[in-house]
Amino acid sequence: MKRRCDSWSSSLSEEQQWSSYERSKGLTWFDFAQYIQDEYGISPPKKTAVYEWIAYMRTQEGEYRLSRAIAARQEIQGLSDAGELDARTADAYMALANDAILSGDPDRATSIVDAAVKICSASLRIKEQKNSASRIELQKKTLELNRDKFIAAEKRLNSVENLAKDETLSDADRTQKIKEIFGL
């Protein structure tokens, strides 16, 4: 059934319509019409319009819940694929989100996905801290190696200076010892 473009619900976004539909489940048509007027500032719909809209939304509900379940599953799967959640945790969150959406509780499903995202964020922070620590350790080792190289070069230079000052050596012996010092 196609909705008219001038129906009372046409000014609502899709999210507002589904939120209103969930709200309609616990209200009489009159209270629901009053809620629509108070919440969205549109003129309250008539009784027939409310019941027709609820019937229409009911026909769309299965597809909507399924699309939300798929979206939640893809988001959690994306976190798992990126390595931010391990496979068992991701599967658990996917099952919880699917159950919540299929049971008619999209808010709970959203909170489950939000929890998965928060866990993912914490996991990423821990990984970043570990990476930072290993980077610092690598920098320390590189610095230590460079310091050792510098000390060795300084010792070679001092040895060459001492050889240059040694008057007892011939030029050939001095050249030979300098080549040995520098590994040539």
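Here are some worked exercises on the predicted model shown above.

**Exercise 1: Get an overview**

Find how many helices and strands the chain has, and what share of its residues is buried.

*Solution.*
Step 1: Go through the elements from the N terminus on; they run α-α-α-α-α-α.
Step 2: Count by type, and you get 6 helices and 0 strands.
Step 3: Turn to burial: of the 184 residues in the chain, 27% are buried.
Step 4: Take the contacts with a separation of 6 or more; 53% of these join residues 24 or more positions apart.

**Exercise 2: Check the length of a helix**

Work out what span helix α6 should have, and compare it with the distance between its end C-alpha atoms.

*Solution.*
Step 1: Helix α6 covers residues 171-182, which makes 12 residues.
Step 2: The expected span is 1.5 Å times one less than the number of residues, so for α6 we get 16 Å.
Step 3: The end C-alpha atoms of α6 are 16 Å apart, so the two values agree.
Step 4: Look just past the end of the helix, where glycine 183 has a positive phi of about 70°.

**Exercise 3: Classify a residue in α6**

Decide whether aspartate 173 is buried, partly exposed or exposed.

*Solution.*
Step 1: Locate aspartate 173, which sits in helix α6.
Step 2: Recall the cut-offs: buried is under 20% relative accessible area, exposed is over 50%, and partly exposed lies in between.
Step 3: Aspartate 173 has 41% relative accessibility, so it counts as partly exposed.
Step 4: For a sense of its surroundings, take leucine 163: it is 10 residues from aspartate 173 along the chain, and their C-alpha atoms are separated by 9.7 Å.

**Exercise 4: Describe how α1 and α2 pack**

Give the angle and the axis distance for α1 and α2, then say which residues make the contact.

*Solution.*
Step 1: Two packed helices are described by the angle between their axes and by how far apart those axes are.
Step 2: For α1 and α2 (residues 29-40), the angle is about 145° and the axes are 10 Å apart.
Step 3: The crossing of α1 past α2 is right-handed.
Step 4: Now list who touches whom: α1 brings Gln16, Ser19, Ser20, Arg23 and Ser24, while α2 brings Phe32, Tyr35, Ile36 and Tyr40.
Step 5: Sort the residues of this contact by type, and you find 4 nonpolar, 4 polar and 1 charged.

**Exercise 5: Zoom in on three residues**

For serine 24, glutamine 17 and isoleucine 36, decide whether each is buried or exposed, and look up some contacts.

*Solution.*
Step 1: Serine 24 belongs to helix α1 (residues 14-24). Its relative accessibility is 6%, so serine 24 is buried.
Step 2: The side chain of serine 24 reaches the backbone oxygen of tyrosine 21 at 2.6 Å. Setting aside neighbours within four places in sequence, serine 24 touches Phe32 and Ile54.
Step 3: Glutamine 17 is in helix α1 too. At 17% relative accessibility, glutamine 17 counts as buried. With the neighbours within four places left out, its contacts are Ser9, Leu12, Trp53 and Met57.
Step 4: Isoleucine 36 lies in helix α2. Here the relative accessibility is 0%, so isoleucine 36 is buried.
Step 5: Beyond four places in sequence, isoleucine 36 is in contact with Trp8, Ser20, Gly41, Ile42 and Pro45. From isoleucine 36 to arginine 23, 13 residues away in sequence, the C-alpha to C-alpha distance is 9.9 Å.

Technical notes: Residues are numbered from 1 along each chain as its sequence is written. This is a predicted model: local features need pLDDT of at least 70, side-chain atom pairs count only at pLDDT 80 or more; totals for chains, interfaces and linings use all residues. Side-chain values use heavy atoms; hydrogens and water are left out. Helices (H or I, at least four residues) and strands (E, at least two) are DSSP runs, numbered from the N terminus. Buried means under 20% relative accessible area, exposed over 50%, partly exposed in between (1.4 Å probe, protein chains only). A polar contact is a pair of N or O atoms within 3.5 Å; within protein, one must be able to donate a hydrogen and the other to accept it, and residues adjacent in sequence count only if both atoms are side-chain atoms. Contact means heavy atoms within 4.5 Å. Axes are lines fitted to C-alpha atoms, for helices over the stretch in contact, and angles run from 0 to 180 degrees between N-to-C directions. A crossing is left-handed if the near helix is turned anticlockwise from the far one by less than a right angle, and right-handed if clockwise. Ala, Val, Leu, Ile, Met, Phe, Trp, Tyr, Cys and Pro count as nonpolar, Asp, Glu, Lys and Arg as charged, and the others, Gly among them, as polar.
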